[in-house]
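Student: Please take one part of this model and look at it closely. I would like to hear about the place where the two chains meet, and about the charged pairs.

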Amino acid sequence: MGIRFILMVNKQGQTRLAQYYEWLTLEERRALEGEIVRKCLARNEQQCSFVEHRNYKIVYRRYASLFFLVGVDNDENELAILEFIHLLVETMDRHFGNVCELDIMFHLEKAHFMLEEMVMNGCIVETSKANILTPVQLLEKTS
Amino acid sequence: MAMHGMRGLSIFISDIRNCQNKEQERLRVDKELGNIRNRFKKEKGLTPYDKKKYVWKMLYIYMLGYDVDFGHMEAVSLISAPKYPEKQVGYIVTSCLLNENHDFLRLAINTVRNDIIGQNETFQCLALTLVGNIGGREFAESLAPDVQKLLLSSSCRPLVRKKAALCLLRLFRKNPDVVNVDGWADRMTQLLDERDLGVLTSSMSLLVALVSNNHEAYWTCLPKCVKILERLARNQDVPQEYTYYGIPSPWLQVKTMRALQYFPTIEDPNTRRTLFEVLQWILMGTDVVKNVNKNNASHAVLFEALALVMHLDAEKEMMSQCVALLGKFIAVREPNIRYLGLENMTRMLIVADVQESIKRHQAQIITSLKDPDISICRRALDLLYGMCDITNAKDIVEELLQYLNSADFTMLEELSLKAAILAEKFAPDLSWYVDVILQLIEKAGDFISDDIWFHVVQFVTNNDDLQPYAAAKAKEYLDKPAVDEKMVKVCAYILGEYSHLLARRPGCSPKEIFSIIHEKLPSVSTTTIPLLLSAYAKILMHTQPPDQVLQNQIWTIFTKELRYESCIDAEIQQRAVEYFALSRKGAAVMDILGEMPKFPERQSSLIKKAEDAEADTAEQSALKLRAQQQPSNALVVTDQHPSNGEPLPVFVGQLSVVKAPNMNNTEDHSSTEQVLSQENGNLSQVDQQPPSADPLSDLLGPLAIEGPPGATVQYENSAVSGLESGPDVVDGSAIVPVEVGTNTIQPIGNIAVRFHALCLKDSGVLYEDPYIQIGIKAEWRAHQGRLVLFLGNKNTSPLVSVQALILPPAHLKMELSLVPDTIPPRAQVQCPLEVVNLRPSRDVAVLDFSYKFGTHMVNIKLRLPAVLNKFLQPLPVSAEEFFPQWRSLSGPPLKLQEVVRGVRPMALPEMANLLHSYRIAISPGLDPNPNNLVASTTFYSENTRAIVCLVRIETDPADRTQLRMTLASGDPTLTFELKEFIKEQLVSIPTVAQAPTPAPPAAPPTPQIPPNDPAALLTDLL
């Protein structure tokens, strides 16, 4: 299955974006987000970017006030996911220009579009920034 | 805001952002939901733009964690909007809000299909993505051919085909039959010739799914994968857009090597040689570079290459190259690389021939074990566990033991279990094994499961040479001042069995051993006391010739001193009574109390458990702790065994329904012994019985030979019913309703039992749960009492909003000193409580206690043991004193008589003891009829002052369930209240009905234990 979910959470623990690739009920999501956010936010910079949680792993990366948390299967290549997070951030950077928490918050729909171009069904579908951004740009043109 | 017009959405998001607290946020969200619902209701005039805006708001609200239970239809309906912006919103929001089983999704299936087979490729992409993310079986059956066509179409652009590939992957997972193996192997092979790396990336994910299901069918894909890998690794013809920090798509490289790991071997020598050359290139060519992203990306590829090399059973030289690389990684400071080095080294352990070279890194791994990062320690622990063998077990286990002192508490359970297993598996000598386990119990008693100590007991039992050593060690540990309760259990057990082997050593006389054990009795819980009683009985039997002083001392414990004969705990009581009876028979019953026979040898036990549970040991332990420490908001049904036998739902932070059989804190010692003795092969003597109903009957199995057949069943029934009805009846006698509020936490031990025990003694635990322990110590003088409440915080974080309120009944004046609002971590505060008894009454004072832990408010109402009998003083009287008073108090209301029925049958001495335990003194010999009891006591209250009460109980030897009771005192209220009080005690206390000779008939050896029973679980293990 690969990627199970992608969360963007600020350092106060508020969810800014949540995309799940397996169905969880709202209660399950709330509980899960609470637990892993607590676990990851408590870690410091000297610690590794991987947290084992239940029967999967969280690969996470922090950018300023925002944490990107990706839940993956235990046998997933952790570093590849870690750099995939960076690719996502660079892609958003290319679109928004120095992306920040507010961009994602107020342009939730665009963040979702980009993510949808990059991940599908828990698998990476595209890694070329130009290809990822084409449909987003198309949308801007048509609306 | 610079959004294309969705101003309302921006305003809403800013409003939410400006909310000061969760409550404000909720209000704003509710308002918005109301607004959206209204707008949706009058659909007329709702433009596609409006719909789009509202649907985004819904998604935003849903993301914040609020339920959005309407508007799904509107989201789905946007899918059929003609314009791209609306359609896109419809597709994206639908795939976030709905799951594959949602009915509305079926409604959209036609629109989705039309978009997929239509001419508009952006629509095709949207539709394929939706199906790829949430398509179910129904989609699989109706859409698979169309999706396959798109994937293979030469006229379709890559942007559609890459989505078709992952869409097909989803459909294949929903129904593997949609991909016909015969046709698809060739097509898949062709697909891998694709030049577009986007299509190739998705197709590779599809291939991984297909080969993991059936690698034989896709063997023609293997050379293609090697080609792709070669192209990428050597950076041939890779477009700039797919190069990440100079590395040609690391994700595709990783995925390709993953696909290759699903083929068991590579037979074609050319392909094999090419692949090894590429792998060698990766292994040698990956350098550490300054740029973090580049470094991570190249190491992502390197670690995948290592995994592939391991899988391919490479030549020895290449393997040692891998070990050398990993050895380098586990020594770096960079935590990610170190973590992955440890993880991959653990995987490497399965490769033959490299274990020795891994062992050379032991010291380095131990450094990581002590890393403050729990992720890293966990990897190090796993690796140490995996690499341990007979040559290094001593070093590794000792490191683990040492690490126990400083380890993160979430690690303790896993750590101690692993240490225990390694000690057992690779012990160079058995005494070392015993040392390790005892150290484990000492250092992490709370975190080790019972099986660990059961196991050491088995080992000692089965190894004669070990017994004196174990006994000496047990004595040593028990001699220490503060001993963990589990330690008391195991030491008491071992000393009970084997301390006689030490008899000639200094300080090890039976009397000394006994007093060492007995010293611990006041501090242990009721579940441990039975083990201590067994030890006493065994020590007594081993003391030959009998030591009169010791015998009297122990008999006093069994009968009077600690009043176990009338103890509220049926288990303790039963043992006390039975051991007393048995030990009085002297040498005749030596065999029964002799050493336990050997356990049947079986293959590894704990080990199996650990291996079964390997995957989630850590998680389970974390779960367990979380359940104890910070109940959160998801409901979980757990398999609890609280002492009242009723499974209760417990709240813990957990996603799904889990079973956590070990979560109960009231360890069931009885099943312990049951198992021990069943394991011992006594089964043929043991009657089939409900677990924990009567562990003693099989403990004392051989006795059956003497007993009348058929008695056991009745005997057990009475014990069971005693256990069950006991607390209820006790509760019934309370005038104030007592309950454990609406709490979601689990009290440890039975509150009613604890209360009842405290009615009889003056200090002990009133209440305990995972967070707090409330103890009581009381002193009574005439009509006054001084209680001290000990409020102990068991946790490492403070308990806040602590409140204690006394609800005194009318007859008690009670004053509680100030209770602090916060109890610091691991601290105990004492709160004195003054009590003055104004007049006789059976009403009970209640302590209304609440505290907050985390977000959880806990409120408990507890009866306080400031009960009538506390204001009594036993007063033995002579015949000269008794009769004149008895005669002067004639008739009601000063003298009351009642025939009491439904009395728990008990022998006269037992009843005497019971009265004595309530501070009513028996005056033996005053009544000429041996079936009657005469007793007296002095009652104190402010109104009545000291006042004498006289009691006469006439029993019927033919029917022990009824008796006639006469009470007399100078105060009518007192007479009535005391009569009722005694009556309650006579009818409510669970006692043993029959003489203590459990007599199982010659039962067939059928150890049928319910499968979920912990004992059964253990039997499997042992």
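Tutor: What follows goes through the interface of chain A and chain B and then some salt bridges. This is a predicted model, in which local features need pLDDT of at least 70 and side-chain atom pairs count only at pLDDT 80 or more, while totals for chains, interfaces and linings use all residues. Residues are numbered from 1 along each chain as its sequence is written, chains are lettered from A and ligands numbered from 1 in the order in which they are written, and side-chain values use heavy atoms, with hydrogens and water left out.

The predictor's confidence in each residue, pLDDT, runs from 0 to 100. Its mean over chain A is 92, and 99% of the residues of chain A reach 70 or more.

At the interface, 71 residues of chain A are in contact (heavy atoms within 4.5 Å) with 79 residues of chain B. The two chains bury about 6700 Å² between them, 56% of it on carbon and sulfur atoms; buried area is the accessible area (1.4 Å probe) that two parts lose on being put together, summed over both. In chain A, the residues that lose the most area to chain B are A:R54, A:F106 and A:M120, together 11% of what that side buries.

Between chain A and chain B the count is 7 salt bridges, a salt bridge being a side-chain nitrogen of Lys or Arg within 4 Å of a carboxyl oxygen of Asp or Glu. A:E126 and B:K162 meet in a salt bridge through their side chains, at 2.6 Å from N to O. Salt bridges also link A:E52, B:R378, B:R379, B:D382, B:E414 and B:K418 in a network.

Over all chains, the count comes to 66 salt bridges. Inside chain A, A:E101 forms a salt bridge with A:R16, with the closest N and O atoms 2.9 Å apart. A:E101 lies in helix α3 (residues 101-106) and A:R16 in strand β2 (residues 15-20) of chain A, so the pair ties together parts 85 residues apart in sequence; helices (H or I, at least four residues) and strands (E, at least two) are DSSP runs, numbered from the N terminus. A:E101 is buried at 15% relative accessible area, and A:R16 is buried at 6%. Buried means under 20% relative accessible area, exposed over 50%, and partly exposed in between (1.4 Å probe, protein chains only).

In chain B, the side chains of B:E977 and B:R842 meet in a salt bridge at 3.0 Å, N to O. B:E977 is buried, at 12%, whereas B:R842 is partly exposed, at 22%.
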